[in-house]
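Biologist: I have a structure open that I would like to understand step by step. Could you walk me through it?

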Amino acid sequence: HVGNGLILTNRHVAERIGRQAQVSFSDGRLVHGQVVAICKQADLAAIYSKDAISYPSVDVADRPVVAGETVWRVGYPVSTGRRIEQASGQMRGVVGVSWGQSNQIDMRCSSGDSGSGIYNASAQLVGVLWGGDSGGTTACTYKDTVCFLNEQCVRWWRRPQLKPPQQPGPTVLNPPTVPPSS
C-alpha cells in the first residue's frame, strides 16, 4: 500500500482494469478494491481500495538501489500456505530484456510471490517482484515503478512527484527473453 488506498501488484496478478480484487494485509485484514491502472510492459498494476485509505503505507524510495545493495521482499508465497514471509538478497543490477528492463536480485522467491514489494535498507519501496525461482528474483525497476505511479496513478496517488533516474544502473547478467512465471 503506497498511500491513499493505492496498492501495487503485477499486471499478471490483477489481469485487467475494472476487475474487482481482494487484498489481504499482514495483520489478516482483507480489503476489497478495483484495478484502476495497468502497465503491460512493466507488468505493474494498481488496485484502489477506499477501505485501505486509513491503513499505514510504505514510502517510495527517492533513488534506485544499485548492484551490491541488500534488498528485501515481503510476500505471501503458496509454499507457506499464504502466510507472510520475507527474504533478503543482493541487487545484481538492471538488465535489458525484450520488453524493457528489469532488476535482477540474488534472492529466492516462490510461487505466489508475484506482486510482493521490493524494499531497500530503509524499508522504502524500490520495485515490485514479478518472477523468479530458487536461483534468483526478477522485479520491476525503480524507474518503471516511479513512472507508473507518476503517470498512470496520479489520480489516486497524491504524493510528490518522484524523478525517475536518468541512468538505470549497471547492466549485468544475460537477459531472459520472456518474463519468468512465479
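Modeller: We can go from the overall layout to single strands, loops and cysteines, keeping in mind that this is a predicted model.

Biologist: Okay, how many helices and strands does the protein chain have?

Modeller: The secondary structure of the protein chain comes to 2 helices and 10 strands, and, read from the N terminus on, the order of the elements is β-α-β-β-β-β-β-β-β-β-β-α.

Biologist: And what share of the residues counts as buried?

Modeller: Of the 182 residues in the protein chain, 48% count as buried. The chain exposes about 9,000 Å², and carbon and sulfur atoms supply 48% of that area.

Biologist: What part of the contacts comes from residues 24 or more positions apart?

Modeller: If you take the contacts in the protein chain with a separation of 6 or more, residues 24 or more positions apart account for 60% of them.

Biologist: Let's zoom in on β4. Which strands does it pair with?

Modeller: Strand β1, residues 6-9, is joined to β4 by 4 bridges, and the two run antiparallel. Strand β3, residues 30-39, also pairs with β4 in the antiparallel sense, over 5 bridges.

Biologist: Which residues face each other there?

Modeller: Between β1 and β4, L6 has Y48 as its bridge partner, while L8 stands opposite A46. On the β3 side, C39 has L44 of β4 as its bridge partner.

Biologist: Why is β4 described as largely enclosed?

Modeller: Strand β4 covers residues 44-48, and because 4 of these 5 residues are buried, the strand is largely enclosed by the rest of the structure.

Biologist: What about β1, are its faces covered or open?

Modeller: Both faces of β1 are covered, with L6 and L8 buried on one side and I7 and T9 buried on the other.

Biologist: Now the loop between β3 and β4. What stands out about D43?

Modeller: D43 is found in that loop, which belongs to a hairpin with 4 residues between the strands. The phi of D43 is near 55°, a positive value in a residue other than glycine. That deserves a remark, since most residues other than glycine have a negative phi.

Biologist: Is D43 buried or exposed, and how about Q41?

Modeller: D43 counts as buried because its relative accessibility is 8%, whereas Q41, which is found in the loop between β3 and β4 as well, counts as exposed at 51%. The C-alpha atoms of Q41 and D144 are separated by 9.3 Å, although these residues are 103 residues apart along the chain.

Biologist: Where does A123 sit, and what is its phi?

Modeller: A123 is in the loop between β8, residues 117-119, and β9, residues 125-133, and its phi is near 60°, again a positive value in a residue other than glycine.

Biologist: Switching to cysteines: how many disulfides are there?

Modeller: The count comes to 0 disulfides. To recall the term, a disulfide is a covalent bond between the sulfur atoms of two cysteines.

Biologist: Why doesn't C39 form one?

Modeller: The cysteine sulfur closest to that of C39 belongs to C140, and because it is 8.1 Å away, it is too far for a bond; the cut-off used here is 2.5 Å. For C147, the closest cysteine sulfur is that of C39 at 9.1 Å, which is also too far for a bond. C39 itself is buried, with a relative accessible area of 18%.

Biologist: Where is C140, and what is it in contact with?

Modeller: C140 is in the loop between β10, residues 136-139, and α2, residues 142-152, and it counts as buried at 1% relative accessibility. Leaving aside neighbours within four places in sequence, its contacts include N10, A42, D43, L44 and W130. The C-alpha atoms of C140 and A42 are separated by 6.2 Å, with the two residues 98 residues apart along the chain.

Biologist: Last topic, rings. How many aromatic pairs are in the whole structure, and which ring does the charged end of R29 sit over?

Modeller: A search of the whole structure finds 0 aromatic pairs, but the charged end of R29 does sit over the ring of Y55, at 3.7 Å from the ring's centre.

Methods
Residues are numbered from 1 along each chain as its sequence is written. This is a predicted model: local features need pLDDT of at least 70, side-chain atom pairs count only at pLDDT 80 or more; totals for chains, interfaces and linings use all residues. Side-chain values use heavy atoms; hydrogens and water are left out. Buried means under 20% relative accessible area, exposed over 50%, partly exposed in between (1.4 Å probe, protein chains only). Rings of Phe, Tyr and Trp (its six-membered ring) pair if their centres lie within 6.5 Å; planes under 30 degrees apart count as stacked, over 60 as edge-to-face and the rest as tilted. A charge sits over a ring if NZ of Lys or CZ of Arg is within 6 Å of the ring centre and within 35 degrees of the ring normal. Two strands pair if DSSP finds at least two bridges between them. Contact means heavy atoms within 4.5 Å. Accessible areas come from the Shrake-Rupley method with a 1.4 Å probe; for residues, only the protein chains shown count as cover.
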